[in-house]
Amino acid sequence: MRSSDSAKARHTFKPSMKLGQRFAWGCQVWLLACMNLYAQDLPQFREHVISMELKYGYQLVAADLSKDGRKDLIAVDEAATEVVWFENRHPAWERHVLINNVPRPLNADCWDIDTDGVPEVVLAYRFESDPQKSVGSVVLLKSGDDVRQPWTTREIDRVPTAHRVRWIDPEGNGKKVLLVAPLVGTKYPPAYDDPVPIYLYRPGEWKRETLCTDPRGVLHAIYPVSWDSGAQQQLLTACYIGLHRIELNSGKCVVTPISKGDPRPWPTCGSSEVRMGYLGKNRFLAAIEPWHGNQLVVYLPDGESWKRLVIEDKMDNGHALAVGDLNGDRNDEIVCGFRGKGCRLSMYQAADSSGERWRNAVLDDGGIAAADCIVGDFTSDGKPDIACIGASTHNVKLYENLGR
């Protein structure tokens, strides 16, 4: 459904049942959710529907585009031909068009290159899984005097199956570079061991450099992290052959294997998404496995290796993953969702500091086909909230953290 003018400016919700029925049903769901979350020492959440008018949501990007100190949301809708953003006027959200005439948009990321206070946006669109059919346009978007008007574009490159774009500070000097990762290499369908490149671009030059070709098969995730909590960032990757950490050391790319991911034979092998979190001072990794898989996996340090712990195995097309300290106890929770049949968004909490046992609470049962989620303070109250974009449910939601 296309957005109407009347729906552009405000928090939207379109009921599919009578008001009385919806109220009674909502009260029951709210009561059960509160009981469930309270029992597990997790905060309560209030749901806000930001939009119900996407075609097939894929990615959310949080950035302050309006220079008011609040994080806005860019919604990448892979079935649309425009990219929109929602200005954070909590509890209302105002819809704006970032760019038109961009068929099959898939991924975006933000960084303020010119330090004018408004981040530039890199967008990958014209995506297809087959490199012979995919243009893979990568463009730089810049705002004019009015950020609420469509932005100007500059093409950076064309990378068939361009699937992930991320800004990263590999040297810790504040000078970020752009990474572009295609989904596959040159073959489709890809074999288990087909190399997939990751490309690097320096702002101003925009010349393609090959960072590495170590990922194999399907490269689904590249995720910048500060591995040792310093200024220098490293890159976590998830592909058919598992999880790796990539860093630039004296200008050279160093690739460190972490895990082979799901140990089953190809094609049900490897990893799909990865995030890093902490339990106190102890690092852990959260991953969805295998590609678009059914498992939520926690990796715990075990000497020089990592212990693999499956904490969920009943997802259908797992895709959304985030970590964050939702209750202020200095231990990160995991937020994970799937977009297939019986779609669900859930939170997972370590039962103790070892990370050996986890318990979960359902945040949204069937209301969002979770394709991507973000943990961040969107209400400016100091508590981390959760934003999520839905695929077949066509929606964007905010789950406001009300505290414990």
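Here's a quick briefing on one sheet and a handful of salt bridges in this structure. Keep in mind that the model is predicted. The sheet is an open one with four strands in the order β14-β15-β16-β17, paired antiparallel. As for charged pairs, a search of the whole structure turns up 29 salt bridges.

**The four-strand sheet**

- β14 (219-225) and β17 (252-259) sit at the edges with a single partner strand each, so one side of each has no neighbour in the sheet.
- Going from one strand to the next, the twist averages 25 degrees.
- In the middle of the order, β15 (residues 234-239) and β16 (residues 242-249) pair antiparallel over five bridges, and L235 stands opposite I246 in β16.
- β16 also runs antiparallel to β17, with seven bridges joining the two.
- One of the pairings there puts N249 together with K252 in β17.
- β16 and β17 make a hairpin with two residues between them, and S250 in that turn has a positive phi of about 55 degrees.

**Q233, in the loop before β15**

- Q233 belongs to the loop between β14 and β15.
- With a relative accessible area of 16%, Q233 falls under the 20% cut-off, so this residue counts as buried.
- The Q233 side chain reaches the backbone nitrogen of D169 at 2.8 Å.
- Leaving out residues up to four places away in sequence, Q233 touches W167, I168, D169, P170, K176, P224, V225 and S226.

**Salt bridges worth a look**

- E400 pairs with R46, and their closest N and O atoms are 3.4 Å apart.
- E400 is in strand β28 (residues 396-403) and R46 is in strand β1 (residues 44-51), so this pair ties together parts 354 residues apart in sequence.
- E400 is buried at 10% relative accessibility, whereas R46 is partly exposed with a relative accessible area of 39%.
- R104 and E128 form another salt bridge, at 3.4 Å from N to O.
- That pair links distant parts of the chain, 24 residues apart: R104 is in the loop between β5 (92-99) and β6 (107-111), and E128 is in the loop between β7 (120-125) and β8 (137-142).
- R104 is partly exposed at 26% relative accessibility, and E128 is partly exposed too, at 34%.
- D381 and K383 meet at 3.0 Å, N to O; D381 is partly exposed with a relative accessible area of 33%, and K383 is partly exposed at 26%.
- Salt bridges with shared partners also join E87, R89, E94, D146 and R148 into one network.

Methods: Residues are numbered from 1 along each chain as its sequence is written. This is a predicted model: local features need pLDDT of at least 70, side-chain atom pairs count only at pLDDT 80 or more; totals for chains, interfaces and linings use all residues. Side-chain values use heavy atoms; hydrogens and water are left out. Two strands pair if DSSP finds at least two bridges between them. Axes are lines fitted to C-alpha atoms, for helices over the stretch in contact, and angles run from 0 to 180 degrees between N-to-C directions. Buried means under 20% relative accessible area, exposed over 50%, partly exposed in between (1.4 Å probe, protein chains only). A polar contact is a pair of N or O atoms within 3.5 Å; within protein, one must be able to donate a hydrogen and the other to accept it, and residues adjacent in sequence count only if both atoms are side-chain atoms. Contact means heavy atoms within 4.5 Å. A salt bridge is a side-chain nitrogen of Lys or Arg within 4 Å of a carboxyl oxygen of Asp or Glu.
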